[in-house]
Amino acid sequence: MHRRAPVRDIDEADLTVGPPQEHAAGIKAVTVALQRGVSQAGVARTARSLARLNQAHGFDCPGCAWPEPQGRRRPAEFCENGAKAVAEEATLRTVGPEFFAAHPVSELLMRTEHWLGSQGRLTEPMMLEPGSDHYRPISWDEAFGLVATALRATTADRSVFYTSGRTSNEAAFLYQLFVRCLGTNNLPDCSNMCHESSGSALSQTIGIGKGSVSLEDIHEADLVLVMGQNPGTNHPRMLTALTHTKQRGGRVVAVNPLPEAGLLNFRDPQTVSGLLRGGTDLADDFLQIRLGGDLALLQAVGHLLVTRHADTLDRDFIAAHTRGFEAYAAARATIDWAEIEAATGLPRTRIEALAEQMASSQRTIICWAMGLTQHKHSVPTLRELVDVLLLRGMIGKPGAGVCPVRGHSNVQGDRTMGIYEKPPASFLDALEREFALPEAGVSLPREHGYDVVEALQAMGRGEVDVFVAMGGNFIGATPDTTATEAAMRSVGLTVQISTKLNRSHLVHGTVGLILPTLGRSDADTDHPGGAQFVSVEDSMSAVHASRGRLTPVSEQLLAEPVIVARLAQAVLGDDHPVDWAEMAADYDVIRDHIAGVLPDFADYNTRVRHRGGFVLPHPPRDSRTFSTASGRAEFTVNELTWLRVPPGRLLLQTLRSHDQYNTTIYGLDDRYRGIANARRVVLVNPDDLAELGLAERESVDVVSEWTAADGTVTERRGEQFTVVGYPTPRGCAAAYYPEANVLIPTDSVADESNTPTSKSVVIRLESRSPHPAKL
Ligand SMILES: Nc1nc2c(c(=O)[nH]1)N[C@H]1C(S)=C(S)[C@@H](COP(=O)(O)OP(=O)(O)OC[C@H]3O[C@@H](n4cnc5c(=O)[nH]c(N)nc54)[C@H](O)[C@@H]3O)O[C@H]1N2
Ligand SMILES: Nc1nc2c(c(=O)[nH]1)N[C@H]1C(S)=C(S)[C@@H](COP(=O)(O)OP(=O)(O)OC[C@H]3O[C@@H](n4cnc5c(=O)[nH]c(N)nc54)[C@H](O)[C@@H]3O)O[C@H]1N2
Ligand SMILES: [Mo]
């Protein structure tokens, strides 16, 4: 069956384009948030859920991983987009057997993610049999039986178990344990497409793949660089933290190809003055960099620090805690300014001004997100970012450090719990000990499993028989949509454990299963000992409890830990050494086992019940201890790489609008960028449009050109996009994810981290309407 991707959205009217806004949030953000909540869930449910969002006895926002303040919290400790995330989950609309009886899969495939998500919450387990065009209800027992039969009929290494970052610590721990007891480390997760580059670079250089700062550090910093991140949309509560930085006299510098509203000015909707008055000018400086130019920028800053500002280096720190300084300083002694200016698109004077600020700052933090992690040379870029901080001892002291701003609310916790395709032997040993596995004749697999891209490649080779997803939207989120969908259809059984309908339910294996689960805001009460809570870890290593309180929309929903435990029992049998039923009945038992495996979680059950939870140890942050091979923080020398684009071509980044959560599309208003009612748009610098002979609002096909390692060139086509003139740097374009994923080759990945290069795709634009002038 060949179907074309949808080109229009449900209520997609004609594209409207206004001027990009110069400020974020304000009163409009509050009204949008409330309207979305009330229209999905009604007034009472909206009020009840928002009152508990991010409060000490409430639930963790299912939006981003930005931390909550440890002390007193404000009555409204959430943002517009967090409120939208809750409305999306708390909705009273449902998708049950009647829905699937009325809508064949072939019809649903023609719908957009926006339409699918808008239909409501999944309510019952459903199965799609071979040859059928309709999902039909199936009992939970039958469903588990089906998965057990499929897994027993194949070998563990031909199964893949994906995780998205909303999964709680408790569910994630059980899930990885089950998968490893089955015999594989095929545990790809959304992190592979997200901050994997940060994890790789930080582990190599400072010995731990996590950020080293707290919220208080952000407040205390005198210089915060925000690189490759759009916090006004994706981490709005970060703007409040940056407002504190500013109020204490700190400076904020934005490094981004786009003039994102949230970086320029912020009207805090949680304060009266923010609602009524002008707000805070957040960024003191905005460096409008070319896509992929950050490695060059950081090298140039490093060069200026070791030469012109050599007297400001923290020699004591360098001598006591680092290795490799001499080689680094020698490599940075000279620099080719012409190349730096070409790579960054920035005049030398602007880079010198930044270096000067870094030289005079006493407390510097660098924050970053996908703009730095999704390029071919992301890992070297991030290693070079660590270099410039090490030069001035900016790690392990108040107000200074590295701050990779995580995406999904528990993506960091999932990794801590062992969702990783390359688990360290020490972790596997601890699991075996905790559950006395060797005594029962069970040993856990040691060979590495598939990450996301490797899983896609294995599927493409026909080497995957069972695919299970603990949340997320694998088909929507992964690159190379056409190839990926074909690969997924070659799988025998696909199992989606989900809250909402998405495209991954429609692009299925020979047999497809949908297992509906509770969300973060739902009460989890169906246990012998009464209601259970879960816990999560935020972007700054704080672990805390999350308690949903809303009545679930269906009695058939099972909690994620219960689904995993029942699956494990069905597959591994009743005489397995792990007592799955006991853990599913009482999550304290799961937490006790976690504490037994991970020393940092000692006394988990007591500490997670403290107001605000507890903060995990982070050796560089706490004591300037670096668990690298050398026991020191590593300076590294990285070759200058930047992206040269052939004539007539553009470099495309794929990014989020203000009205979506990854593949979940809340609405069609990218308010801060002034783009509404359409998502198939491509933002291009007006001078490039003129040079390419394209008119504003022209309809184009976006064609990506990819040269593989062996020199073969392949093309991918995204049909029917509308061109919008936008203040992006010359040669750099932007389009929304996931619509543009069809353009990204599976093989185009970051070196070392294997993350798809979602922020750098070479494209050309082909007009769909021949110009009279050209005829
Ligand atoms: N409301 C909402 N919140 C979210 C999400 C969501 O979809 N919606 N997603 C969550 C997830 S999983 C994640 S990972 C985060 C994502 O948070 P972000 O990383 O902020 O998300 P993107 O939209 O991908 O934006 C990337 C930013 O980097 C810039 N950029 C792109 N390329 C470069 C480059 O080469 N150099 C520099 N310096 N900048 C560049 C872009 O212009 C853009 O501003 O947000 C999380 N929070
Ligand atoms: N081109 C391009 N591609 C990208 C990116 C990009 O910037 N550009 N960003 C990448 C990044 S950073 C990420 S993190 C990935 C995201 O990839 P994913 O995490 O796989 O995608 P999401 O869209 O967040 O997943 C949404 C689905 O999760 C399910 N869900 C929501 N809440 C729950 C829950 O509590 N439990 C369960 N079981 N299911 C739930 C719902 O069914 C919903 O439809 O995409 C990546 N893909
Ligand atoms: Mo992410």
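How do the residues of the shell around ligand 1 divide into nonpolar, polar and charged? In this predicted model, the shell holds eleven nonpolar, 16 polar and four charged residues, and the views below begin at that site.

**View 1. The shell around ligand 1 and its nearest residues.** The shell around ligand 1 consists of 31 residues, of which Asn256, Glu260, Gly292, Asp294 and Asn662 come nearest. Helix H10 (231-234), helix H19 (370-373), strand S23 (650-655) and strand S24 (660-661) each contribute at least two residues to this shell. In terms of domains, at least three residues are drawn from domain 3 (196-405 + 629-634) and at least three from domain 4 (650-774).

**View 2. Polar contacts and burial of ligand 1.** An oxygen atom of ligand 1 lies 2.7 Å from a polar side-chain atom of Asn256, and an oxygen atom of the ligand is also found 3.1 Å from a polar side-chain atom of Gln653. With Val255 the contact involves the backbone, since a polar backbone atom of that residue is 3.0 Å from a nitrogen atom of ligand 1. Of the 920 Å² of accessible area that ligand 1 has on its own, the protein covers 99%.

**View 3. The shell around ligand 2, set between two domains.** Ligand 2 is surrounded by 31 residues, the closest being Tyr162, Ser164, Glu560, Thr663 and Tyr737. By residue class, this shell comprises ten nonpolar, 16 polar and five charged members. Because domain 2 (121-191 + 410-544 + 551-602) and domain 4 (650-774) both give residues to the shell, ligand 2 lies between them.

**View 4. Polar contacts and burial of ligand 2.** A polar side-chain atom of Thr663 is placed 2.6 Å from an oxygen atom of ligand 2, while an N or O atom in the side chain of Gln374 is 3.3 Å from an oxygen atom of the ligand. Thr499 approaches a nitrogen atom of ligand 2, with a polar side-chain atom at 3.2 Å. Taken alone, ligand 2 exposes 930 Å², and the protein buries 96% of that area.

**View 5. The closed barrel that includes strand S23.** Six strands, in the order S23-S31-S28-S30-S29-S32, form a closed barrel with mixed pairing. On average, and with direction ignored, neighbouring strands of this sheet are turned by 45° against each other. S23 pairs in the parallel sense with strand S31 (residues 732-736) over five bridges, and within this pairing Leu652 stands opposite Ala733 in S31. S23 is also one of the elements that supply at least two residues of the shell around ligand 1.

**View 6. The open six-stranded sheet.** This sheet is open and mixed in its pairing, with the strand order S6-S5-S18-S17-S16-S7. Strand S6 (136-137) and strand S7 (159-163) are its edges, each pairing on one side only. Strand S5 (residues 126-128) and strand S18 (residues 511-516) run antiparallel and are joined by three bridges, where Met126 has Ile514 in S18 as its bridge partner.

**View 7. Two backbone features in loops.** The peptide bond from Tyr737 to Pro738 is cis, with omega near 10°, and Pro738 belongs to the loop between S31 and strand S32 (761-767). Tyr737 is also among the closest residues to ligand 2. Arg624, a residue other than glycine, has a positive phi near 50°, and is located in the loop between helix H30 (619-623) and strand S22 (633-634).

Definitions and conventions
Residues numbered from 1 in each chain as written. Chains lettered and ligands numbered in written order. Predicted model: local features only at pLDDT ≥ 70, side-chain atom pairs only at ≥ 80, totals over all residues. Heavy atoms only, no water. Near = heavy atom within 4 Å. Polar contact = N/O pair within 3.5 Å; in protein donor to acceptor, adjacent residues only side chain to side chain. Areas by Shrake-Rupley, 256 points an atom, 1.4 Å probe, with all protein chains shown as cover. Helix = DSSP H or I, 4+ residues; strand = E, 2+ residues; numbered from the N terminus. Nonpolar A, V, L, I, M, F, W, Y, C, P; charged D, E, K, R; others polar. Domains from an automatic or database assignment. Pairing = 2+ DSSP bridges. Axes fitted to C-alpha atoms, helices over the stretch in contact; angles between N-to-C directions.
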